[in-house]
Structure formats: structure tokens, C-alpha cells
Amino acid sequence: MALNRNFPALKNDRILKAALGEKPDKTPIWVMRQAGRYLPEFLQYRKEHSFFEICQNPEHASEVTLMPLRRFELDAAIIFSDILVIPQALGMEVEMRAGVGPVLPEPLTLDKAATLSANGTAQKLEYVGHAINLTRHKLEGKVPLFGFSGAPWTLMGYMIEGGGSKTYSKAKKWLYAFPEESHALINTLTEVIIDYLVMQIEYGAQIVQIFDSNAEYLNKQLYATFCLPYLKRISQDVRTKLKEKNLQEVPMVLFAKGGWYCLEELADLGYEVLGIDWTVEPKFVRNILKNKNITIQGNLDPSALYASKADLENYIKTMLEEFGNGRYIANLGHGIYPDAPIDSVQTFVDTVHNFDG
């Protein structure tokens with residue numbers, strides 16, 4: 001599949017404006033996991049195709065990416081993929097089991113970790129680039145397209161635990177007991193992520209997000225040691241490599257779920273946008289970051305979508321009022337849940353766009 005960078009003109013740049021500190025005509029909104037399991041059309045598609053078959057086939061991934069845009073006036077699309085395609089590209093088996101989620105049948109060991117190499121790994125993920133390129137053209141400039149990656153620590157956690165965990169104690173054990181090996185693994189993952197994001201941007205991603213979904217399992221000292229330096233390196237080296245390729249920089253978003261304990265430090269890593277989870281009050285965030293030149297994204301509790309329409313509208317308006325309309329992108333505080341009501345998503349989008357506070 002040939003790379004075609006002759007993209008249609010962008011018609012809706014609200015999210016890009018907000019990310020760069022400019023004033024859009026309306027508050028922009030998108031929803032984490034908006035292309036996925038809460039949509040009936042996606043569930044029907046899954047009856048015909050396995051999860052990773054969709055991820056690895058550009059036509060399938062593009063089709064699913066476009067599904068929520070046909071229903072809702074969202075201000076961005078996000079390519080359908082998964083953060084665990086990186087462990088796959090590193091040679092680990094990853095299964096998506098119904099009712100369980102991602103499972104890595106053979107978790108990473110110290111011996112195996114020592115053999116992992118970043119060389120050529122991003123190239124194995126070129127199918128994501130092809131999906132992005134195809135989707136950019138199919139969008140016809142309607143909205144910008146997100147690319148994304150998991151953060152090093154979050155990927156490390158899944159790789160060592162063999163899937164999700166309530167404590168991530170096995171992965172945290174490495175940080176305490178095997179710090180050198182942990183740094184080596186995180187460094188390898190960081191190198192892969194940098195090349196992976198650069199490839200996504202080269203193929204057409206107009207904004208990218210780093211998901212550090214497991215930040216909440218660490219304390220400030222561990223996060224400062226094993227996460228912050230590598231996240232900073234990602235933001236710096238992605239831009240450096242884009243310049244080397246004569247490619248334009250794009251806004252970068254960092255979402256560290258549960259990382260409330262180091263908001264100031266996260267805001268100093270060079271990302272244009274900082275995603276906030278639902279456990280943090282908007283006024284607290286604005287106060288902590290009042291002197292930071294950064295856009296905030298978030299942070300409606302995904303469970304709020306189960307509320308009555310009137311209550312949901314009030315929750316959304318309160319959030320919008322407290323965040324204010326400067327340098328802000330509306331979103332959930334984490335990914336949308338599988339049984340989220342479709343009508344509530346419509347209410348979320350409409351309330352944000354109609355808000356004139």
C-alpha cells in the first residue's frame with residue numbers, strides 16, 4: 001500500500017487550535033475509545049473479524065475508526081488500534097479474550113527482556129501507518145486524526161504481568177529489585193515508541209497521544225525515576241526525528257491516568273496537552289497548572305454517562321465551567337465503557353458544543 005501524503009484540506013481544526021493555545025469557535029470534544037465496543041455496529045463487525053485482525057488490516061481499522069464519526073459530531077477521529085501492538089511487534093503473543101481483556105500467555109522474564117531490541121520493531125507496525133494514511137483520505141478533511149501509543153511503564157506492566165492487574169506488583173517488583181534491567185527495558189520501549197509515533201505522523205496522524213494508563217500504581221519517586229525522563233525523551237526525540245525527515249511537528253498529548261501526584265512535573269515534559277482523569281477536580285488542576293503553558297483535556301467520569309439526561313447535562317456543564325474555555329479539550333477521564341448508552345454520548349457532544357460559558 002503506497003504512502004499518499006496529498007491529504008484533503010482540514011475543515012474542522014478545533015482540537016488542533018485548542019492544543020496550540022488558540023481559540024476555537026466551540027469547545028472541542030472527542031472520546032477515548034470512541035471507536036469500539038459500545039457501538040452496535042462495531043459489535044456486529046467483531047462477529048466477522050477478530051480484534052487483532054481489525055487492528056492489523058488497514059481497511060478494517062479504517063472502517064472502525066470512522067464508525068463514531070458517522071453517529072456523532074466529534075471533533076477528532078482516533079485510529080483503531082491497541083497499545084499492545086508494541087509487545088506483539090517485539091515478539092510476544094497477545095490475545096484479546098472475551099470478558100477478560102488482553103492476555104499475554106507467556107509474560108516477560110528477565111532473560112527474555114535482555115534479548116529485546118528496538119531495531120526494526122516500529123517497521124513491523126507499518127500496518128498502523130497504512131491504516132492512518134487510508135483513514136486520512138477517507139475522512140476527507142472532516143476532522144483531525146489521532147495516532148497513539150502506550151507509555152513505556154504501562155507497556156512494561158502488561159508485558160510482565162501477562163495482562164491487566166489490580167496491583168501490578170510483579171512489574172513493580174522489577175523497579176525495586178531489578179532497577180538496571182527495568183531501565184534497560186523501559187529504554188528499549190521508549191526507542192520503539194519514538195519511532196512508532198514518528199511513523200504514524202509521517203503516514204498522516206495530525207495529533208498523537210501517549211497513554212500511561214497505569215501511572216496510578218506508582219508513587220512520585222518511582223514515577224520520577226522510571227517514567228518522567230523517558231516521557232520527556234519521547235516528546236523531544238519525536239520532534240527531532242520529524243525535523244530530520246522534514247516533516248511538520250504535530251501536537252502531542254500525555255494522559256497519565258492517576259498521575260495527580262506529579263501534575264506539575266507532567267506539564268513540564270514538553271507536551272502541548274495534558275489529559276486528566278476523573279478523580280481530580282478541574283479547579284485543582286487549573287490552580288496547580290495556572291502558570292504552565294499547556295492545554296488540559298478531560299475529565300468527565302465515564303460512569304456519568306449512565307446518569308439521567310438532565311443530571312448528565314449538569315455534570316458536563318459544571319465540568320466546563322470549572323475548566324473554563326481557554327486551552328481546553330473536552331473528553332472523558334478514561335476510556336468509554338462497553339455498555340455506555342449511545343444517547344448519553346450524543347448528550348455529551350451536544351452539551352459541550354452548545355455550551356457558551
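Is Phe178 buried, exposed or partly exposed? Keep that one in mind while we walk through the structure, which is a predicted model.

Start with the sheet. Seven strands make up an open sheet with parallel pairing, and the order to trace is β1-β4-β5-β6-β7-β8-β9. At the edges you'll find β1 (77-78) and β9 (328-332); each has a single partner strand, so one side of each is left without a neighbour in the sheet. Take a look at how β9 is held on its partnered side: five bridges join it to strand β8 (residues 295-300), and the two run parallel. If you want a landmark there, find Asn299, which stands opposite Asn331 in β9.

Now bring in a helix. Helix α10, covering residues 179-203, lies across three strands: β4 (145-150), β5 (207-212) and β6 (252-256). Against β4, α10 runs at about 170°.

There's a record to lay over this, too. UniProt, in an unreviewed entry, puts the feature "domain: Uroporphyrinogen decarboxylase (URO-D)" at residues 28-37 and 146-162. What do those spans look like in the model? Residues 28-37 are 0% helix and 0% strand, with end C-alpha atoms 23 Å apart. Residues 146-162, on the other hand, are 59% helix and 29% strand, and here the end C-alpha atoms lie 27 Å apart.

On to the aromatics, where the opening question gets its answer. A pair of aromatic rings is described by the distance of the centres and the angle of the planes. The structure holds twelve such pairs. One of them joins Trp174 and Phe178, edge-to-face, with 6.4 Å from centre to centre and 90° between the planes. Trp174 has 5% relative accessibility, so it counts as buried. Phe178 has a relative accessible area of 24%, and since buried means under 20% and exposed over 50%, Phe178 is partly exposed.

Compare that with Phe323 and Tyr328, a stacked pair: the centres are 4.7 Å apart and the planes 20°. Phe323 is buried, at 3% relative accessibility, and Tyr328 is buried as well, also at 3%. Tyr328 takes us back to the sheet, since β9 spans residues 328-332.

Two more spots deserve a click. Phe42, Phe51, Phe52 and Phe80 come together as one aromatic cluster. And over the face of Phe7 you'll find Arg136, at 3.7 Å from the ring centre.

How values were computed:
Residues numbered from 1 in each chain as written. Predicted model: local features only at pLDDT ≥ 70, side-chain atom pairs only at ≥ 80, totals over all residues. Heavy atoms only, no water. Pairing = 2+ DSSP bridges. Helix = DSSP H or I, 4+ residues; strand = E, 2+ residues; numbered from the N terminus. Contact = heavy atoms within 4.5 Å. Axes fitted to C-alpha atoms, helices over the stretch in contact; angles between N-to-C directions. UniProt positions renumbered as here; feature names shortened; annotations may be inferred. Phe/Tyr/Trp six-rings, centres within 6.5 Å; stacked < 30°, edge-to-face > 60°. Buried < 20%, exposed > 50% of the residue type's maximum accessible area, 1.4 Å probe, protein only. Lys NZ or Arg CZ within 6 Å of the ring centre and 35° of its normal.
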